[in-house]
Amino acid sequence: MHLDIPLILDLTGCFFFAVSGSLLAVRKGFDLVGSVLLGSLVGLGGGVVRDFILNAGPPAAFSNPIYLAAPLLAALMVYLVVGGVQRVSRLVLMFDAGGLALFCITGSLKALEAGMNAAAAILLGVATAVGGGILRDITADQVPSVFDPKTMYAIPALLGSALATGLWYLGWLNLVTGTVVAVVVFALRMLALHFHWHAPLAARSWARPRFRRG
């Protein structure tokens, strides 16, 4: 039986991102419809951007109905399982990291299969991974994680895209190696959150010397 690896990773990533959107809807006090819409936005947004860039016809989210099941299932699961908002913030970050880890791989893989070069494939992998999160955070009226100076978001996606692209060129990218790359990206993102790792700021900060009055 042939496994469609890009589809498996894409749907799993879509579900993880959709859960993060529905959890954020809980934290923001949205209703169930808002949960479905926010989950759909983050779960499908990155893939839609990717497919438009690749000019591959109608985005997979609209041409394949199975993609719509992910945000619906995510919203239902959050509705039935999450009883309060005490630990929602942490869960949002965990599921977001899962979606990030998977989408950076599928974005690069689809770009490579479309004939794009390695550099373009890596960039598209990053764009796919962070695109949905940006739409989610802007809609929920908060600073997108990719622009938050207190966390490291795009770098794990860049690493995952580069690893996936390298494995593809070597002919070693499969479900097992793809899963390993996803675990590495997820672990790096969670470690960055735990230890407060972040990229250098856009400009070096200089502390003005303080002079004592004589």
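**Notebook: patch, helices, rings, cysteines**

I began at the surface: helix 4 (residues 66-81) gives the most to the nonpolar patch, with five residues. I took helices (H or I, at least four residues) as DSSP runs, numbered from the N terminus. The model is predicted, so I kept local features to pLDDT of at least 70 and side-chain atom pairs to pLDDT 80 or more, while totals for chains, interfaces and linings use all residues. Residues are numbered from 1 along each chain as its sequence is written, and side-chain values use heavy atoms, without hydrogens or water.

**Patch**

I listed the members next. Leu32, Leu76, Met77, Tyr79, Leu80 and Val81 make a nonpolar surface patch of about 630 Å². My patch rule takes residues with over 30% relative accessible area and no salt bridge, and joins nonpolar side chains (Val, Leu, Ile, Met, Phe, Trp, Tyr) within 5 Å; like charges are joined within 9 Å. A salt bridge here is a side-chain nitrogen of Lys or Arg within 4 Å of a carboxyl oxygen of Asp or Glu. Areas come from the Shrake-Rupley method with a 1.4 Å probe, and for residues only the protein chains shown count as cover.

I then picked out Leu80, which lies in helix 4. Leu80 has a relative accessible area of 61%, so it counts as exposed. I used these classes: buried is under 20% relative accessible area, exposed is over 50%, and partly exposed is in between.

**Helix 5**

I checked the span of helix 5 (residues 88-113). Its 26 residues reach 37 Å from first C-alpha to last, close to the 38 Å expected at 1.5 Å a residue. The expected span is 1.5 Å times one less than the number of residues. Of the 26 residues of helix 5, 19 are buried, so the helix is largely enclosed by the rest of the structure. Just after helix 5, I found Gly115 with a positive phi of about 95°.

**Positive phi outside glycine**

I looked at Asp141 and His196. Asp141 is not a glycine, yet it has a positive phi of about 60°. Asp141 sits in the loop between helix 6 (118-139) and helix 7 (154-170). Asp141 is exposed, at 67% relative accessible area.

His196 also has a positive phi, near 60°. His196 lies in the segment after helix 8 (175-195). With a relative accessible area of 59%, His196 is exposed.

**Rings**

I counted five aromatic pairs in the structure. Phe15 and Phe16 form an edge-to-face pair, 6.2 Å centre to centre with 85° between the planes. Rings of Phe, Tyr and Trp (its six-membered ring) pair if their centres lie within 6.5 Å; planes under 30 degrees apart are stacked, over 60 edge-to-face, the rest tilted. Phe16 is partly exposed, at 27% relative accessibility. Trp168 and Tyr169 are edge-to-face too: 5.2 Å centre to centre, 90° between the planes. Trp168 is partly exposed at 33%, and Tyr169 is partly exposed at 48%. I also noted a cluster: ring pairs link Phe15, Phe16 and Phe95.

**Cysteines**

I searched for disulfides (cysteine sulfur atoms within 2.5 Å). The structure holds zero. Why is Cys14 without a bond? The closest cysteine sulfur, in Cys104, is 15 Å from that of Cys14, too far for a bond. Cys104 is in no disulfide. I logged Cys14 as buried, with a relative accessible area of 1%. Cys104 is buried as well, at 0%.

Technical notes
Buried < 20%, exposed > 50% of the residue type's maximum accessible area, 1.4 Å probe, protein only. Helix = DSSP H or I, 4+ residues; strand = E, 2+ residues; numbered from the N terminus.
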